[in-house]
Amino acid sequence: MNIPNVELTSLLRASMICSRVIRKWVNESLKTNIQLIEELASGAVYCQLIDMVFEGVMPLEKVVFATNRMVDFRRNFEILRKCLDELQIPLLVPIEELIKRDFEVNLYFAACFYGAFKDLIAIRQQRVENYNPLAARKYQKFSMEPPTYVSQGTDVQNPDELEPLVRNIGVQVYTYKQENMETKPLKTDV
């Protein structure tokens, strides 16, 4: 396989380095395996990072960790925003932009959060050192698995919630039945 020779701009190179640093920090801090900055679009990571520093402020039981649904992303970010307001942390949370899983928007917010967080952990180092992220989230994984990830950037309903729906998992084909219409399989980009 031939890989094209692509010259990286300094901005793209800086974005890639920043992304790598943030993902490494998140993975080490929360004992997870985030592969893409866009995976932070669920908001759950940020909620748990706040819980890591401030005991009893973040209602982690209300945070949805394994989800593909934008409604859950929005709810997680609303919980985050409320906690940031309570803690008087002046961090703008552009919820509607973040939940669309745009790389640049999520990278910028992650970088801002990372900067603010680094200052906060210096104050509460003992809590951070004694924090068990797996137990705190009841061993749930951060997950944005298909099929809904293919609806990236839209607020399209989760295909699992559509009625009636016949799903052939092996082939990744979705069949939608409507009255007086033929059943036609719709192939996804998964």
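Helices (H or I, at least four residues) and strands (E, at least two) are DSSP runs, numbered from the N terminus. The structure on display is a predicted model, in which local features need pLDDT of at least 70, side-chain atom pairs count only at pLDDT 80 or more, and totals for chains, interfaces and linings use all residues. Residues are numbered from 1 along each chain as its sequence is written, and side-chain values use heavy atoms, with hydrogens and water left out.

**The whole chain**

Begin by selecting the chain and colouring it by secondary structure. Seven helices and three strands are present, in the sequence order α-α-α-α-α-α-α-β-β-β. Of the 190 residues, 39% are buried; buried means under 20% relative accessible area, exposed over 50%, and partly exposed in between (1.4 Å probe, protein chains only). Contact means heavy atoms within 4.5 Å. Among the chain's contacts with a separation of 6 or more, 58% join residues 24 or more positions apart.

Next, colour by pLDDT, the predictor's confidence in each residue, from 0 to 100. The chain mean is 78, and 72% of the residues reach 70 or more. Select residues 146–186: pLDDT stays under 50 there, and the model has 62 contacts beyond four places in sequence for this stretch.

**Helix 5 and alanine 111**

Select residues 103–123, which form helix 5. This helix has 21 residues and reaches 30 Å from its first C-alpha to its last, close to the 30 Å expected at 1.5 Å a residue; the expected span is 1.5 Å times one less than the number of residues. Its buried residues are Asn106, Leu107, Phe109, Ala110, Phe113, Phe117, Leu120 and Ile121. The elements covering them include helix 1, helix 2, helix 3, helix 4 (95–98) and helix 6.

Within helix 5, pick alanine 111. Alanine 111 is partly exposed, with a relative accessible area of 30%. Leaving aside residues up to four places away in sequence, alanine 111 touches Cys18 and Ile22. A distance label between the C-alpha atoms of alanine 111 and cysteine 18 should read 7.5 Å, although these residues lie 93 residues apart along the chain.

**Helix 2 against helix 5**

Now add residues 44–53, helix 2, to the selection. How are helix 2 and helix 5 oriented to each other? They pack at an angle of about 5°, with their axes 11 Å apart. Axes are lines fitted to C-alpha atoms, for helices over the stretch in contact, and angles run from 0 to 180 degrees between N-to-C directions. Helix 2 and helix 5 are therefore roughly parallel; angles under 35 degrees count as roughly parallel, over 145 as roughly antiparallel, 65 to 115 as roughly perpendicular and the rest as oblique.

To display the contact, show side chains for Tyr46, Leu49, Ile50, Met52 and Val53 in helix 2, which meet Asn106, Phe109, Ala110, Phe113, Phe117, Leu120 and Ile121 in helix 5. By class, this contact has 11 nonpolar, one polar and no charged residues. Here Ala, Val, Leu, Ile, Met, Phe, Trp, Tyr, Cys and Pro count as nonpolar, Asp, Glu, Lys and Arg as charged, and the others, Gly among them, as polar.

Keep helix 2 selected and show its surroundings. Because 10 of its 10 residues are buried, helix 2 is largely enclosed by the rest of the structure. Polar and charged side chains to inspect in the buried set include Gln48 and Asp51. The buried residues of helix 2 pack against helix 1, helix 3 (70–86), helix 5, helix 6 (125–130) and helix 7.

**Helix 1 and the loop after it**

Move to residues 10–30, helix 1, whose 21 residues should span 30 Å; its end C-alpha atoms are 30 Å apart, which agrees. Ser15, Ser19, Ile22, Trp25, Val26, Asn27, Ser29 and Leu30 are its buried residues. Their cover includes helix 2, helix 5 and helix 7 (133–136).

Just after helix 1, select lysine 31, in the loop between helix 1 and helix 2. Its phi is near 50°, a positive value in a residue other than glycine. Threonine 32 is in the loop between helix 1 and helix 2. Threonine 32 touches Val26, Asn27, Arg137 and Phe142, not counting residues up to four places away in sequence. The C-alpha atoms of threonine 32 and valine 45 are separated by 9.7 Å, with their positions 13 residues apart along the chain.

**Tyrosine 139**

Finish at tyrosine 139, in the loop between helix 7 and strand 1 (165–168). Tyrosine 139 is not a glycine, yet has a positive phi of about 60°. Is this residue buried or exposed? Tyrosine 139 is exposed, with a relative accessible area of 57%.
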